[in-house]
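Here is a short briefing to read alongside the structure. Have the viewer open, and let's walk through a few helices together.

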Amino acid sequence: MKVYADDTFYKDKYLLGRKPVISASFNFYARSASKIMNSLTFGRIDKLNDLTEDIKMCCCEIAERCYTNEKENKAAGGKTSEKIGTYSATFSDKALSDTDISAADAYRIINKWLSETGLLYRGI
C-alpha cells in the first residue's frame with residue numbers, strides 16, 4: 001500500500017509555514033490516513049500512477065485527525081463519557097487503535113478534498 005503524503009509535503013505544502021500539529025512520526029499517521037482513504041475510495045487511489053495534490057492534502061488532514069484523536073484518547077484514559085449523579089462511566093473499546101477516527105470524520109474530510117475527483121463514486 002502506498003502512503004499518500006510525506007513529511008516534506010506536510011510541512012511545505014499543507015501547512016504553508018504553520019507550526020506542525022504532528023512534530024514527529026508524520027509517516028506513521030500518514031500510513032493510517034492512507035489506509036482509511038484507500039478503504040473509503042474502494043482501492044482506487046492505490047491504482048493511480050500519480051497522486052494529485054488534493055489526495056496528499058486529504059492524507060495530511062486525516063493524519064492530523066488521527067494524531068489528535070490518539071492524544072485525546074490518552075488524555076481521557078479511554079473514558080468516553082461520565083455521569084456524576086449516581087456515578088457512571090463508559091470506557092472505549094481498546095480493541096480499536098488509538099489512531100482510529102470515526103467514519104463520519106473520515107468521510108467528511110475525504111468528501112472535502114476528493115468529492116469532485118470521481119474517487120468516491122459508488123457505482124460501476
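**Asn38 and its surroundings**

Leaving aside residues up to four places away in sequence, Asn38 touches Tyr4, Gly43, Arg44, Ile45 and Asp46. Please keep in mind that this is a predicted model.

- Asn38 sits in helix α2, which covers residues 26-40.
- Is Asn38 buried or exposed? With a relative accessibility of 13%, Asn38 counts as buried, because the cut-off for buried is under 20%.

**Helix α1**

- Helix α1 runs over residues 7-14, and its buried residues are Phe9, Tyr10 and Tyr14.
- Looking down the axis of α1, you will find these buried residues within an arc of 100 degrees, so they line one face of the helix.
- A general point helps here: an α-helix has 3.6 residues a turn, so residues three or four places apart point the same way.
- After α1 comes Leu16, which has a positive phi, near 50 degrees.

**Helix α4**

- Which residues of α4 are buried? They are Asp105, Ala106, Ile109, Ile110 and Leu114.
- Around the axis, the buried residues of α4 cover an arc of only 130 degrees, which puts them on the same side of the helix.
- On the face of α4 turned away from that buried side, you will meet the exposed residues Ala104 and Lys112.
- The length of α4 (residues 103-114) can be checked too: at 1.5 Å a residue, its twelve residues should span 16 Å, and the end C-alpha atoms are 15 Å apart, which agrees.

Notes:
Residues numbered from 1 in each chain as written. Predicted model: local features only at pLDDT ≥ 70, side-chain atom pairs only at ≥ 80, totals over all residues. Heavy atoms only, no water. Helix = DSSP H or I, 4+ residues; strand = E, 2+ residues; numbered from the N terminus. Expected span 1.5 Å × (residues − 1). Buried < 20%, exposed > 50% of the residue type's maximum accessible area, 1.4 Å probe, protein only. Arc of directions from axis to C-beta. Contact = heavy atoms within 4.5 Å.
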